[in-house]
Amino acid sequence: TQFMNGVSRAVKEAGLPAPELHFMLEPPQDQEQLLPETKAALSDLITRYDGILCTVDHVAYTLIQFAVSCGVRVPEDLLVSAEGDTPWCSRFGINITTMSLMADQLCTRAFEILEEGGIHHEKIVPDIIYRQSTNR
């Protein structure tokens with residue numbers, strides 16, 4: 001995805017190793033309903049890393065819920081951030097740091113470009129909204 005391409009480019013520029021990619025194959029849900037193989041994969045992630053970047057907010061929510069149920073403290077033991085700035089980020093005990101997709105601004109500008117009759121590329125700089133999940 002474009003998001004992971006950006007992450008890979010940023011860590012390379014910082015001189016860090018490329019991030020490992022992990023995929024959640026079932027829709028995020030309450031941790032009591034997770035399949036055993038998903039629980040095993042999440043358990044591995046929360047013990048191997050001190051920070052996890054999720055590509056969508058609801059995955060970060062599920063990850064945090066699972067980590068806390070295993071006694072892992074967020075953000076003290078594990079930093080978690082995501083992308084989207086959806087309600088998943090701010091409607092439970094640990095609010096999630098996220099990158100806003102700037103949907104209103106993006107859509108407004110897209111229509112303006114269409115009305116101008118032009119087709120061109122334009123960068124819209126997203127907001128990073130810092131919340132509790134990365135606040136050490």
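Colleague: How many residues are in the largest nonpolar core, and which have the most contacts inside it?

Modeller: In this predicted model, the largest nonpolar core has 20 residues. Those with the most contacts inside the core are Ile46, Cys54, Leu63, Val74, Leu78, Val80 and Ile96.

Colleague: Which elements give two or more residues to this core?

Modeller: H2, H3 and S2 do. The largest share comes from H3, with six residues.

Colleague: OK, stay on H3. Which of its residues are buried?

Modeller: Asp57, Ala60, Tyr61, Thr62, Leu63, Ile64, Phe66 and Ala67.

Colleague: And what do the buried residues of H3 pack against?

Modeller: One helix, H2 (36-48), and the strands S1 (51-53), S2 (79-84) and S3 (97-100).

Colleague: What span should H3 have, at 1.5 Å a residue?

Modeller: H3 runs over residues 57-69, which is 13 residues, so 18 Å is expected. Its end C-alpha atoms are 18 Å apart, in agreement.

Colleague: What follows H3?

Modeller: Gly71, with a positive phi near 85 degrees.

Colleague: Back to Leu78. What does Leu78 touch, leaving out residues up to four places away in sequence?

Modeller: Ile46, Tyr49, Asp50, Gly51, Ile52, Ala67, Val72, Arg73, Ser133 and Arg136. Ala67 is also one of the buried residues in H3.

Colleague: New topic: where is Gln105?

Modeller: In helix H4, residues 103-115.

Colleague: Why does Gln105 count as partly exposed?

Modeller: Because its relative accessibility is 40%, and partly exposed lies between the 20% and 50% cut-offs.

Colleague: How far is the Gln105 C-alpha from that of Pro126?

Modeller: The two C-alpha atoms are separated by 9.7 Å. Along the chain, Gln105 and Pro126 are 21 residues apart.

How values were computed: Residues numbered from 1 in each chain as written. Predicted model: local features only at pLDDT ≥ 70, side-chain atom pairs only at ≥ 80, totals over all residues. Heavy atoms only, no water. Helix = DSSP H or I, 4+ residues; strand = E, 2+ residues; numbered from the N terminus. Expected span 1.5 Å × (residues − 1). Buried < 20%, exposed > 50% of the residue type's maximum accessible area, 1.4 Å probe, protein only. Contact = heavy atoms within 4.5 Å. Core = buried A, V, L, I, M, F, W, Y, C linked by side-chain atoms within 4.5 Å.
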